[in-house]
Amino acid sequence: MTSALTMGLAGVGRIGTSHAETLKHLPGVDTVIVADADAERAYAAAGKLGVEAVADIDVLLASPLDGLIIATATDSHPELITRAVDAGIPVFCEKPVAADIQGTLDVIAHLENSTVPVQIGFQRRFDAGYRAARDAIASGSLGWLHTLRATTLDPAPPPAEYVGRSGGLYRDCGVHDFDIIRWVTGREVVEVYATGANRGEEFFTAAGDVDTAAVLLRLDDNTLATVSLSRYNGAGYDVRLEALGSLGNAVVGLDDRAPLTSVEPEYVPSSLPAYPGFMERFRRAYTDELAAFLSVVSGQLASPCTPADALEAFYIAEACELSRHENRPVAVTEVRR
């Protein structure tokens with residue numbers, strides 16, 4: 001690993017602040033410089049974290065950076081990615097690449113002739129459980145897969161203002177499941193059938209979104225996968241994946257903090273609390289993800305999650321949205337451009 005790296009970070013919201021804290025403790029990082037659309041917030045965050053801050057993101061991009069982490073609002077991602085790459089700065093950007101498919105395609109086209117790496121933040125690829133499931137599938141120890149069952153169930157909904165600009169439950173939340181199903185199986189999704197419901201806050205309906213969804217996916221080898229999504233899982237943050245095969249199974253997220261309540265009379269429940277949210281559940285994965293980005297920056301590793309990977313997950317989410325609105329199965333080719 002190259003030492004004395006200077007890393008820039010744009011956006012000091014919850015996840016950006018967490019990334020800055022992680023970066024300053026990673027071997028090889030000498031300096032962390034943060035910026036935000038709100039300069040006061042950037043300087044306040046820098047003071048608490050013990051890192052540097054600059055007046056705005058323009059100043060940050062003009063700084064001598066070895067790499068840039070983008071944790072700003074989605075609508076700023078395309079411009080920041082392309083500006084950094086044009087300046088020769090490797091980029092790590094939280095998903096999504098852009099707010100829609102066309103914006104994502106425009107970024108990919110801009111990067112086509114560039115050798116500057118871009119890594120998109122799908123942290124589940126760095127979680128030990130998902131990696132073990134991927135290895136088990138690849139080894140053949142599960143036999144052939146017949147079913148995958150994925151869940152992403154939030155304990156409580158986000159604020160109304162977030163929902164309105166989130167892109168909807170499939171694009172904002174389910175996209176992580178769509179990406180990880182592709183990644184652990186090495187297969188592509190060819191068809192989706194999605195439905196959704198609203199039984200919670202009215203702001204979901206007002207935003208044209210749903211608070212709970214069920215998705216059936218068909219993979220290109222005819223494996224079936226289900227994805228359950230909800231903003232109202234009061235028992236706690238529940239993210240799991242079950243890979244069920246002809247010879248065995250592998251289950252991710254089944255531990256003493258899984259928010260599952262058995263009503264079997266002989267069952268002894270865990271005394272540990274459920275994870276309150278994604279930051280706590282995937283804390284180690286976020287750290288390993290940024291450590292991998294440092295290897296990308298130093299040229300020791302190709303991007304482990306490219307904008308093209310993010311586009312494939314986005315296509316699946318887009319197909320789900322179309323399926324929900326038209327109440328029918330949708331081939332992913334219908335939304336592919």
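Reader: How many of the 20 residues of α12 are buried?
Author: 15 of the 20 are buried (under 20% relative accessible area, 1.4 Å probe, protein chains only). So α12 is largely enclosed by the rest of the structure.

Reader: What kind of model is this?
Author: It is a predicted model, where local features need pLDDT of at least 70, side-chain atom pairs need 80 or more, and totals for chains, interfaces and linings use all residues. Residues are numbered from 1 along each chain as its sequence is written, and side-chain values use heavy atoms, without hydrogens or water.

Reader: Where is α12, and how far does it reach?
Author: Helix α12 covers residues 307-326 (a DSSP run of H or I, at least four residues). From first C-alpha to last, α12 reaches 28 Å. That is close to the expected 28 Å (1.5 Å times one less than its number of residues).

Reader: What comes just after α12?
Author: Asn-327, with a positive phi of about 55°.

Reader: New topic. Which residues touch the most others in the largest nonpolar core?
Author: Tyr-170, Phe-178, Val-192 and Leu-217, out of 53 residues. A core here joins buried Ala, Val, Leu, Ile, Met, Phe, Trp, Tyr and Cys through side-chain atoms within 4.5 Å.

Reader: Which helix gives the largest share of this core?
Author: Helix α8, residues 169-185. It supplies eight residues.

Reader: And what does Phe-178 touch?
Author: Leaving out residues up to four places away in sequence, its contacts (heavy atoms within 4.5 Å) are Tyr-170, Val-215, Leu-217, Val-227, Ala-313, Ile-316, Ala-317 and Cys-320.

Reader: How many residues are in the second core?
Author: There are 28, in a separate core. Among them are Leu-61, Leu-68, Val-107 and Ala-310.

Reader: Leu-68 is in a strand. Which way does Leu-68 point from β4?
Author: Leu-68 and Ile-70 point one way, Gly-67 and Ile-69 the other. All four are buried. Strand β4 is residues 67-70 (a DSSP run of E, at least two residues).

Reader: Which strands pair with β4?
Author: β1, residues 5-10, pairs with β4 in the parallel sense over four bridges. β5, residues 91-94, pairs with β4 in the parallel sense too, over three. Pairing takes at least two DSSP bridges.

Reader: What stands opposite Met-7 and Ile-69?
Author: Met-7 has Gly-67 of β4 as its bridge partner. Ile-69 stands opposite Phe-92 in β5.

Reader: Last one. Is Thr-82 buried or exposed?
Author: Buried, because its relative accessibility is 14%. Thr-82 sits in helix α4, residues 77-86.

Conventions:
Buried means under 20% relative accessible area, exposed over 50%, partly exposed in between (1.4 Å probe, protein chains only).
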